[in-house]
Amino acid sequence: MTDQNSFHPVLNELQFFASPEHPCSYLDDRQATSIFVDPSLVLRPAHYSALAGIGFRRSGNYIYRPHCRNCRACVPVRIPVDRFEPNRSQRRTLKANQDVQLTTRPVEFVDEHYDLYRRYMQHRHPGGGMDNDDPDTYMRVLDSYWAETTLIEFRARQQLLAIAVTDVLEDGLSAVYTFFEPQPSQKGLGTLAILQQIELARQWQRSYLYLGYWIGESDKMDYKRRFQPLEGYDGRQWIELEETG
């Protein structure tokens, strides 16, 4: 592990391991490997902020980055929020959601949130395992003992529409996970969640919104390229990615 460690002194405190190869979650007929931080170490928010700057992501308490032997399809991406301007479609989404109110709150178990999560998973990912998450598993998805995490509630006329799980980093926000009302809607709640996290990053004087990984060959990841400018990490530095499609 050599990527910019010398530029981030806190990373010298960490140890990293590689996972065994396993089927890729995004591309069929591919095998995947991840590098992850030793889970026995006591971590701090400063560790995650530095790791996000070199393309790492968290899932619960685990911090990882794809490190596949024969594939570099996963590109860490982030939006430089001060330079972002919504396109025509995104402006329509904002207009369609003028009635939506946002509230930020700490991570805690709320029955209403959990019910929405279950509906979302059963609709979007049936049979994927997460559609049967119990409350403890659900909380492990959202929270970690070392991250500074906030939940963003989206409501219209008191109805809960979406929850955006968002980590606060030293230089940005990280969009960890968003789940929303799965019934067909013209509101574009997934797009709205990203737009509002961009605005929140501006308000909190953070420079970036980290979006995890973009995969050019995955239709599920294509939406991330619609937010411009978008920067990708190439293993050495962040570079601007051109919009396609």
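Helices (H or I, at least four residues) and strands (E, at least two) are runs assigned by DSSP and numbered from the N terminus. The model is predicted: local features need pLDDT of at least 70, side-chain atom pairs count only at pLDDT 80 or more, and totals for chains, interfaces and linings use all residues. Residues are numbered from 1 along each chain as its sequence is written, and side-chain values use heavy atoms, without hydrogens and water.

**Exercise 1. Take stock of the protein.**
How many helices and strands are there in the protein?

Step 1. Count the elements: five helices and 14 strands.

Step 2. Check the radius of gyration, taken over C-alpha atoms; the globule rule is 2.2 Å times the number of residues to the power 0.38. The radius is 18 Å, close to the 18 Å that the rule gives for 245 residues, so the protein is as compact as a globular protein of that length.

Step 3. Look at burial. Buried means under 20% relative accessible area, with a 1.4 Å probe and protein chains only. Of the 245 residues, 49% count as buried.

**Exercise 2. Work out the sheet of four strands.**
Which strands stand at the edges?

Step 1. Recall the general rule. Strands of a sheet pair through backbone hydrogen bonds, either parallel or antiparallel. Here, two strands pair if DSSP finds at least two bridges between them.

Step 2. Write the order: β1-β4-β6-β5, an open sheet with antiparallel pairing.

Step 3. Read off the ends. β1 (16-18) and β5 (57-59) each have a single partner strand, so one side of each is left without a neighbour in the sheet.

Step 4. Zoom in on one pair. β1 and β4 (residues 34-37) run antiparallel and are joined by three bridges. F16 has V37 in β4 as its bridge partner.

**Exercise 3. Work out the sheet of eight strands.**
What is the order of the strands in the open sheet of eight?

Step 1. Trace it: β8-β9-β10-β11-β12-β7-β13-β14, with mixed pairing.

Step 2. Find the edges. β8 (101-106) and β14 (238-241) pair on one side only.

Step 3. Pick an inner pair. β7 (residues 74-80) and β12 (residues 208-215) pair in the antiparallel sense over six bridges. There, V75 stands opposite W214 in β12.

Step 4. Add the helix. Axes are lines fitted to C-alpha atoms, for helices over the stretch in contact (heavy atoms within 4.5 Å). Angles run from 0 to 180 degrees between N-to-C directions. Helix α3 (residues 111-124) lies across β8, β9 (149-156), β10 (159-168) and β11 (172-180). The helix α3 runs at about 75 degrees to β11.

Definitions and conventions
Buried < 20%, exposed > 50% of the residue type's maximum accessible area, 1.4 Å probe, protein only.
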